[in-house]
Structures are given as C-alpha cells and as structure tokens.
Amino acid sequence: MNSGLPLRVITGLLLLPGTGSVLAQEGDSPAAVHAPGPDMSGHIVGEEPYPFDTVDPRLEEKDPITLPERVAPKLGLLTAGDIEFLESGDARGLAGSEEDTIEALEERSPEEVKAWVDAMRQVFDNSRFQEGVDQPNIPLNTESDAYNAWRLQRPRSMDPPREDGPVALGRYDGFGGPPTFGGFPLALSQADLIAGEVDVAILGAPLNMGSGWRDSGEKATTDLRVVGGWAIGGQDQYIQIDASEVLNVVDYGDVAVDNESTERSMQHVREIVREIAETGAVPMIVGGDHSLEYPNVAALADVYGKENISVIHFDSHYDAWWGGSHLISHGYPVYRLIMEGHVRAADYIQVGLRSSGPGKSGFKWMREQGMRYHTMAEVERRGWGAVLDRVVAEASEEGRKLHISFDIDVIDPAFTPATGTPVPGGLDMREAISIVRRLCAEANVVGFDLVELHPALDPTYKTTLNSAHIIKACLTGIAMNREGLTTPHYLSPLSSEHAIDNYYGDQQYYLDATAAEDEREEAAGEVTDEQAEDLEEDSVEQGVEDGAENRD
Amino acid sequence: MTFSRAANRIRLIFCSILLCGPLALVSPVQADWNVPEPFAEKFEVLGPKQQVFLTSGAVLDFLPQRQLEHEFNTRNPEQIAVLVDELLALADAMGYDPEKDMGAIPLNLNATYFNRGALPTPEALREMKRTPGPFGVHRYLYPMSGVPTFAGAPVAIWPEDLVAGNVDVAIVGVPSNMSSGRRDAGNGPDAMRSLNTIALRDGQSLLEPLDVLSVVDYGNFSVDGLSTERTATRVARMVADTTATGAVVMIVGGDTSMLYPGVAGVAEVKGAESFGLLHFSAHPDVVRNDDHQISDRRAVFSLLDDDKIAGQDTILVGLRGDDLDKESLQWLRDQQVRYHTMAGIQSRGLDKVLQRVEKEVSRGPGAFFVSVDVSVLDPAEMPAAGRLVTQGMRLAEVAQMIRFVCAEKDIVGFEITDLAPMLDTSRVSTANANALLNACLNGMAVRASGLEPDYIHPLTFDHGQR
C-alpha cells in the first residue's frame with residue numbers, strides 16, 4: 001500500500017466484504033432455529049464469565065495417598081492444611097506418586113519439607129485463576145472512537161447503483177480483472193447471493209493466530225486467489241465435469257478479523273458465514289487458522305439447527321483440547337463446538353490424526369462420546385483404501401448434513417510444507433483429492449473450510465497450488481452431487497479406461513457405460529429453443545475461455 | 001504491501017476523524033467543507049445533522065473532497081441524502097457500544113492452566129541443587145558449536161544467578177508473535193541465538209565485549225501467544241525483576257508491542273522519566289485510539305501517555321512510510337519528542353542528522369534505553385522486517401548511532417524487535433539484527449573500558465605506512 005492511495009480506496013480495501021447493513025452486530029441473535037442454551041449476551045460483550053461448564057471432563061483426578069507413620073517426624077512444621085494438600089490428588093501432579101512423595105520427605109529436613117510444601121501450594125494456587133489477583137478478562141480500549149472500524153462495511157450507496165447479483169470483474173466475458181478465487185465473479189452481500197442463485201460462496205478468512213508458524217493472514221487468502229485462481233475453477237478430468245458450468249460459484253471477499261484476538265473475531269466470522277448459509281449456498285471458508293472451524297460450524301448450526309450438522313475434521317491434530325486460559329484457539333474448536341451444543345460428539349468424524357497428542361484420556365473420551373476417529377495408525381493397520389471407504393460411508397449416512405473442515409496439515413509436508421504445524425506421515429495428494437471429491441459428491445455437504453495455509457513458508461507455491469486443488473476437488477464433488485453422480489467412487493468410464501482392449505477383462509462394461517452416458521446426455525439434449533440459445537452462448541463462452549487459456 | 005498495513009492506516013485516519021467525538025463538533029485537524037454554490041440547492045434538502053456532517057468536514061474522512069463534489073454533481077437530492085445517511089450511520093457505529101460490542105475478551109476462569117507456563121519454578125521445587133551463578137553449556141573451552149546461546153554466553157536462569165555472577169548484561173528472548181505486519185517474530189530470539197554472531201570482536205575498538213562485560217543468556221520470558229496484553233503484564237514484571245539485580249536487560253523480540261513492557265519494567269526500577277529513549281523504527285507507533293490497549297501500533301504512545309518516558313527525552317529515528325500522518329507528527333511535536341524522519345535525513349544529509357541526534361543524546365538524561373524495530377533498516381539489508389517499509393536507513397548508519405549512545409550514556413535497557421526470520425532464508429536479516437545488537441554491546445564495552453565514545457583503535461584507523 002503506498003502512501004498516496006486515496007482514502008476511499010483504502011477504505012474499500014478494509015471494507016471489502018460489504019453488505020447492505022452498515023454494521024453487523026456482534027450481539028445479533030441468529031435468524032433460525034435454536035435449541036435453548038445458556039444466555040450468551042453477557043459473555044459476548046465480555047462482561048460476564050463464559051456461561052458453559054468449562055471444566056475439562058478428561059482431566060483425570062489423581063488418587064490421594066496416605067502418608068505412613070514413619071515420615072511423621074518430617075511433618076512437624078506443616079499445618080493441617082499443608083498435610084491435607086500433600087496427601088491430596090492435587091499434590092500428585094507436583095509431588096509425584098506415593099513412593100516419590102515419601103522419598104522426597106525422607107531426604108528433606110522438616111524446614112525443607114515446609115518450604116517444599118509451601119512452594120507446591122503456591123504453584124497450585126497461582127496456576128489457577130484467583131479473584132482479585134488475576135485479571136478475569138482482557139479489557140479492550142473502549143474509549144477508542146474507531147473501536148469498530150475493523151468491521152464496518154462499505155455502504156452500497158458509496159458506489160454507483162447496480163443490480164443485485166455476482167459481479168464479473170473482467171473486461172473479457174468476466175476474465176482479465178483482478179484475481180478472484182477460481183476466477184469466479186464477486187459477491188458482497190446476501191442480496192447478491194440470492195439474486196445470483198449462488199450455490200457456493202468462497203470466503204477468505206485471514207485469521208493469523210495459530211500457535212505454530214504464523215503467516216495465515218491475508219497472504220493466504222490473496223495467494224489462493226492469485227496462485228490458485230485457475231486451479232480452483234474448471235474441468236475435472238477424472239469425472240468429466242466442470243463445476244463452474246454446473247454451479248453458480250462466487251468469491252465472497254474476505255471477512256474482517258481482529259488479528260490480535262481470536263475470540264473477538266469469532267462472532268463476526270460467524271455472522272458472515274451465517275449470511276451465506278441462510279441463502280442455501282454452501283459456504284467455503286479459506287483461512288486462516290483452524291479456530292475458524294468454530295464460527296463456521298456454529299453458523300451452520302444457527303441456520304440448520306443445533307445438533308443437525310455433522311462435521312468431518314481432516315487434521316493431523318484432533319483440536320479438541322481444552323483447559324487453557326483462552327476460550328478459543330486453533331487447538332480448541334472441536335471441543336468448544338461440542339460443549340456449546342452446536343454439534344454432538346457422535347456426529348464428529350476425525351481423519352488423519354497423527355500428532356503427538358492426544359494421549360489415552362483424549363482417545364478414551366472420543367470413544368466414550370461416540371466420536372469416529374481415523375488415525376494414521378488405522379491407515380497403517382488397514383491400508384488407505386479400507387479407511388477411505390469406511391470414512392465415506394460414515395459421512396454419507398442418511399440424513400447427515402456435513403461440514404468438511406480441512407486442515408492442510410492432514411496432508412504430508414512433502415506436499416504442503418507451508419502450514420503452521422506440519423506433521424510428517426500424512427496423506428498424499430492423490431489420497432486427499434479423492435477423499436474430498438468423494439465426500440463432496442456422495443455426502444450432503446453444506447459447508448467446507450480449508451485452513452492453515454502459510455504461504456511464506458513455501459517459496460515454490462506448491463502448497464498454495466495443492467490447497468487450491470483440494471478446494472477444486474470439493475467443487476467438483478458438489479457439482480457431481482447436483483448432477484446425480486453419487487454412486488460410490490464414481491469416475492468417468494471414458495477418462496478412467498481407454499477400452500481399446502480387454503486387458504482387465506471388463507472392456508465391455510466401460511464401452512457400455514460410456515454409451516449409456518452419451519444416451520442420457522443426448523436425451524437431456526433434446527432441448528427447447530431457449531435452451532438451444534443458451535447452448536450457443538455456452539459455446540461462445542467456451543471460445544473465450546479457450547482464448548484465455550491460450551493466452552496463459 | 002499488506003492488507004493489515006492498510007488496516008493500520010485506517011486506524012490512524014479514523015483517529016483523526018473521530019477525535020472530534022460528537023459529529024456536531026468540528027475536528028481539530030479536519031478542514032471544513034464549504035459547500036460550493038452550485039450544490040446549494042441539493043444541500044438545502046438535507047436535514048440539520050446531515051448538513052453539519054458535511055460542513056464540519058467529518059464526511060471528508062469517508063470521501064475525499066474531490067469525490068464528494070463529484071457525488072453532488074452526479075446525484076439527485078434523494079440519492080445524496082441516502083449516501084449521507086449511510087455515511088452518518090457508519091460514523092455512529094464507529095465507537096464502542098456496550099450493548100453490542102465485546103468490550104473485554106473473556107477467559108476461561110476454570111482453566112487448570114490459567115497461569116501455568118508463566119510461573120517460574122519456586123526454589124523449593126527445583127530438582128537440581130547448584131550454587132547460583134551463570135554456567136557454561138559447552139563441553140569445550142573454545143566451542144565451535146553446541147547448544148545455541150546469545151553470544152555463546154553462559155546461561156543464567158534465576159535473578160540470584162545474575163547477582164552471584166555480577167552480571168552486566170542479561171540478553172533475554174521475548175518470543176511474542178503479534179506483529180501487525182508479517183508474523184514470525186516469535187522465532188526471532190532463537191534465530192539470533194543460532195547464528196552465533198553476537199559479541200564478536202569489534203573491528204573499531206578491537207575490544208572483545210565479553211572480555212570487558214559479563215554477559216549471559218537469560219533464556220526467554222514467557223508469552224501468551226493469544227494476547228499481547230497478558231504477555232505485557234508478565235514481561236514488565238520479569239524485566240523489572242531482572243533490572244533490580246543490577247544487570248542491563250537486552251531484550252530480543254518478539255514484536256514491537258514488547259517495547260511497552262520493556263521500558264515500563266525498567267522504569268519501575270529506575271524511575272519513570274528518569275532515562276531517555278532512543279528508538280529506531282520506520283513506524284511512529286503512536287496510534288492514539290487503537291482498540292487494543294497494548295499493541296505495536298501504539299507502543300510509543302502508551303509509554304508517553306503513561307508517563308513512563310518524557311517527551312523531551314524521547315528521540316525517534318528513521319520514521320517514514322504510510323504510518324506518518326500529520327496528526328501523529330503534530331502529536332509527537334506537541335509532546336516535545338525529537339523525531340527524525342527519512343524525509344529530514346534525505347533533505348539534510350545523514351551526517352547533519354547524525355550530529356544532531358548525537359547532540360540530543362549528549363544533552364539528554366544520563367541514562368538511555370535504546371530500542372530498535374528492525375523496520376528502520378532498508379529492506380535491502382532487512383527483508384525479514386515484520387513491518388517493512390521501503391527507503392530506509394543503512395545498517396552502518398543505524399549501528400553508528402547505536403554504538404554512540406551505548407558508549408556515551410549509561411544504558412538501562414536495550415531492545416530489538418520484529419525480526420521475522422522465516423522471511424529471509426539467506427539469514428542475512430538475522431546477521432544484521434545481531435550486528436545492531438552488537439553495536440550496543442561494543443559501545444558499552446568502550447564505555448566500560450573508559451574510552452571516548454567515538455574511540456577508534458589507532459591500528460585499525462590507519463595502516464601507518466608512509
């Protein structure tokens with residue numbers, strides 16, 4: 001940004017994802033179905049404590065011990081409270097097992113024992129929130145007269161009037177303008193989505209608060225437009241379908257975030273995602289760190305109802321951690337969604353886990369909750385093909401509305417080195433593309449996110465390109481779903497087999513299947529005059545596209 | 001450049017707009033808009049609040065005058081009214097609303113680990129018993145490699161180690177990672193340790209800093225990766241405790257929001273406004289109305305506003321780029337801050353500005369805190385600056401000024417911030433960041449040796465041959 005840019009242009013940059021309303025309110029109640037839950041209003045304005053039970057049920061309380069008589073001489077300086085603490089489960093995390101504790105007592109003088117116990121009690125107390133000592137929240141500068149500047153939206157009246165609907169930014173049949181996701185037209189408001197009968201809205205969410213390397217801000221959403229542009233849209237050879245011809249897809253701009261507070265960003269992301277989902281379009285959020293799974297899924301629950309959404313979480317990490325001082329981070333979204341009642345744990349499917357955690361208590365918790373987990377250990381045992389079929393079958397169960405949350409670190413760092421917390425031993429791109437395409441085709445996908453892209457870590461653009469192809473795989477899948485190509489693991493009988501000989505013994509099947517598809521298309525091709533005109537226009541568009549491709 | 005840079009600019013701009021509070025008041029810095037005669041008829045249709053919004057000039061912060069007049073030219077009165085109403089609504093929605101806005105970020109008060117990770121282990125729970133004092137981490141007397149420490153120096157963990165070792169300089173990492181530019185400053189401390197180019201022999205004085213000064217690697221101070229505010233509280237405490245031992249704390253950031261707790265921690269021990277601040281940065285960091293209480297964008301503002309440092313003892317060098325606006329510069333001038341922009345350096349020549357800065361340092365308090373946001377350097381020598389701005393200063397120029405102040409004055413603290421190492425795979429940025437830290441160590445060594453601030457060893461000054 002050079003300093004000579006006029007304010008209006010700069011304002012436009014800040015306010016890119018505009019809608020008709022001036023300011024989406026943090027406290028707005030969602031439009032649709034809600035199961036009754038705790039009152040969130042005080043929490044949302046930051047004045048009241050968080051209204052859910054925030055004690056982590058997976059914390060295993062350690063058993064207390066009874067100290068033997070022989071150490072009594074060492075305890076002379078301890079108070080009754082000291083001894084109670086020393087024998088309690090609370091002390092076990094610091095003093096160790098009964099054996100360790102006795103050994104520690106035996107090697108210390110009574111004075112040293114007193115100092116030791118005092119220190120442990122001090123650490124125990126200071127580790128936890130203490131009223132009057134610790135700040136219960138993080139106050140913001142509410143005196144600021146630009147307090148909401150970060151999420152004020154550009155009023156439509158600032159620009160010349162136009163019809164509602166997606167806007168093509170280029171001069172050449174929509175091409176040749178600033179880069180958008182997949183070269184798709186731009187929509188900035190719910191009215192644009194409705195008027196354009198939009199099927200899929202791709203939203204950038206430049207949240208940059210992950211705990212690993214940080215570069216998941218606007219560089220990620222911008223690079224996905226620039227590098228990933230052509231990759232996201234267009235023909236899929238495996239299926240012989242072009243999602244951009246089947247679906248109305250738009251670039252929905254970026255959502256504003258506060259990159260100094262994940263919590264503060266959450267409500268606004270949720271509002272914008274809700275705005276998309278309310279129209280029936282599939283929100284595709286590209287980020288951004290994995291905290292985004294929380295507002296994305298919560299927004300879907302706002303629209304489709306609590307406990308009506310299933311989530312499949314692709315990640316090398318299980319992201320159901322809890323117990324730190326913050327209420328959201330990129331390690332917490334799964335737990336918070338479940339705790340707040342947006343999704344049942346039994347409606348969660350985890351795929352690709354392989355990071356160092358969780359430990360046994362985390363896995364036992366998932367098993368008890370009915371959460372279906374598929375680790376790379378399962379892949380090692382059963383093979384990828386078996387796990388793939390199992391996952392797709394689980395995700396496609398009758399009645400599920402599915403959100404896919406795809407952290408690119410589920411993929412092996414050989415393919416996606418540019419991610420905040422990479423873990424080796426992941427999926428390869430063939431596996432990743434096929435599972436995402438199958439899910440988006442065979443399951444009822446109502447939301448999708450792709451997160452944790454950090455472009456600066458990869459000067460080759462490989463990671464961005466591979467991320468774009470994951471998005472494309474889902475767009476292809478959704479297009480297949482709309483076209484009825486939902487049989488398990490559908491692949492084009494034409495592109496997947498030359499059928500010139502009978503090498504595999506099934507030559508005739510492919511010839512017949514190709515002919516049958518041709519027949520179906522022909523039948524669908526007996527068209528009215530009006531449709532014929534459309535077709536003619538399509539061929540003109542194709543010509544323009546071919547021209548554009550040739551220019552590339 | 002980056003989107004967040006644009007956002008920062010917006011913060012500055014709005015800050016100028018809305019200082020006026022109620023829109024009926026004229027902003028102190030915003031010119032009025034005198035309605036041109038041809039627009040009088042359309043203007044008259046507007047209500048009184050709308051009219052004031054226009055004539056006060058408040059509207060000009062949303063639309064430049066050129067555009068406003070174009071809109072008046074091309075819109076009918078109703079369309080103008082819609083536009084003005086929507087802009088007014090924006091202005092109304094700009095500030096904090098306690099009914100709707102999150103005024104504080106809630107935390108998990110039941111967290112098992114609410115503070116754990118920030119708590120130094122009490123003495124009675126430390127397993128290893130050892131006599132206090134810095135200790136080496138290398139097997140060899142002249143190590144070539146091994147566990148990386150700042151300056152290859154011994155490690156100190158507790159304040160008593162600093163006291164026992166009579167430590168002069170404690171270099172400590174603060175890996176905060178909340179830059180409002182590109183982020184990787186969290187890896188700054190380890191990158192600067194790893195390069196192993198700190199406290200090398202000084203080619204000007206031919207002194208070896210470690211021969212003259214007792215230097216240690218004091219580890220890192222704990223940060224909260226999700227909150228600058230919580231980090232700042234911890235860091236200020238740790239800086240104060242370290243300073244109280246008598247050691248000079250040298251902070252390796254971390255992003256520039258840590259300038260606030262760095263200086264505030266020293267001020268707690270040495271006394272507020274008892275020392276000067278020489279701060280090198282492209283950014284003035286005086287955003288007056290940031291929505292966060294502590295950030296890199298307002299680090300200098302907070303220090304002045306909280307009276308940690310006095311305006312007349314504050315010297316800023318290297319300012320440039322789109323963070324410079326009239327209101328910020330005027331505010332700095334009103335605080336009596338000595339600022340030196342690149343525009344001034346380019347117009348007067350570096351030598352004159354250098355002399356002036358040196359005079360300002362010399363006339364200033366006896367003690368100084370020196371701070372460097374690496375953005376002060378030109379991206380040619382510092383591509384890995386988190387908030388880089390083109391057309392900056394050269395390494396040799398900045399190093400010379402740092403060396404001078406560190407040789408001329410008692411240094412009460414030093415800080416280098418916002419090195420984002422992953423942005424420069426050549427590691428030259430890290431080498432140059434170490435060179436800036438070395439400039440101060442070299443200056444301190446010169447001072448400790450009783451030499452003049454501009455001392456050059458005669459052997460290095462001239463070969464001496466006829």
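# A tour of chains A and B

Start by selecting both chains of this predicted model: 79 residues of chain A are in contact with 75 residues of chain B, two residues being in contact if their C-beta atoms, placed from the backbone, lie within 7 Å. On the chain A side, the elements that give two or more residues to the part touching chain B are α1 (7-14), α2 (41-45), α6 (110-127), β1 (137-139) and α11 (262-277), where helices (H or I, at least four residues) and strands (E, at least two) are DSSP runs numbered from the N terminus. The largest share of that side, nine residues, comes from α6(A). Colour that side by class and you will find 38 nonpolar, 27 polar and 14 charged residues; Ala, Val, Leu, Ile, Met, Phe, Trp, Tyr, Cys and Pro count as nonpolar, Asp, Glu, Lys and Arg as charged, and the others, Gly among them, as polar.

As for conventions, residues are numbered from 1 along each chain as its sequence is written, while chains are lettered from A and ligands numbered from 1 in the order in which they are written. Because the model is predicted, local features need pLDDT of at least 70 and side-chain atom pairs count only at pLDDT 80 or more, whereas totals for chains, interfaces and linings use all residues.

Next, select β1(A) together with β1 (residues 104-106) of chain B: the two strands run antiparallel and are joined by three bridges, two strands being paired if DSSP finds at least two bridges between them. Here A:Asn137 stands opposite B:Pro106 in β1(B).

Now move to chain A alone and display the open sheet, whose eight strands follow the order β5-β2-β6-β11-β10-β7-β8-β9 with parallel pairing. At its edges stand β5 (249-254) and β9 (372-375), each with a single partner strand, so one side of each is left without a neighbour in the sheet. From one strand to the next the twist averages 15 degrees.

Within this sheet, select β7 (residues 309-314) and β8 (residues 348-353) of chain A, which run parallel and are joined by four bridges; A:Phe314 stands opposite A:Val351 in β8(A).

Then add the helices. α11(A) packs on the sheet, touching β2 (200-205), β5, β6 (282-287) and β11 (445-451) of chain A, and its direction makes about 170 degrees with that of β2(A); axes are lines fitted to C-alpha atoms, for helices over the stretch in contact, and angles run from 0 to 180 degrees between N-to-C directions. Helix α17 (residues 429-442) of chain A also packs on the sheet, touching β7, β10 (401-407) and β11 of chain A, with its direction at about 165 degrees to that of β10(A).

Finally, show the whole of chain A, which has 20 helices and 11 strands.
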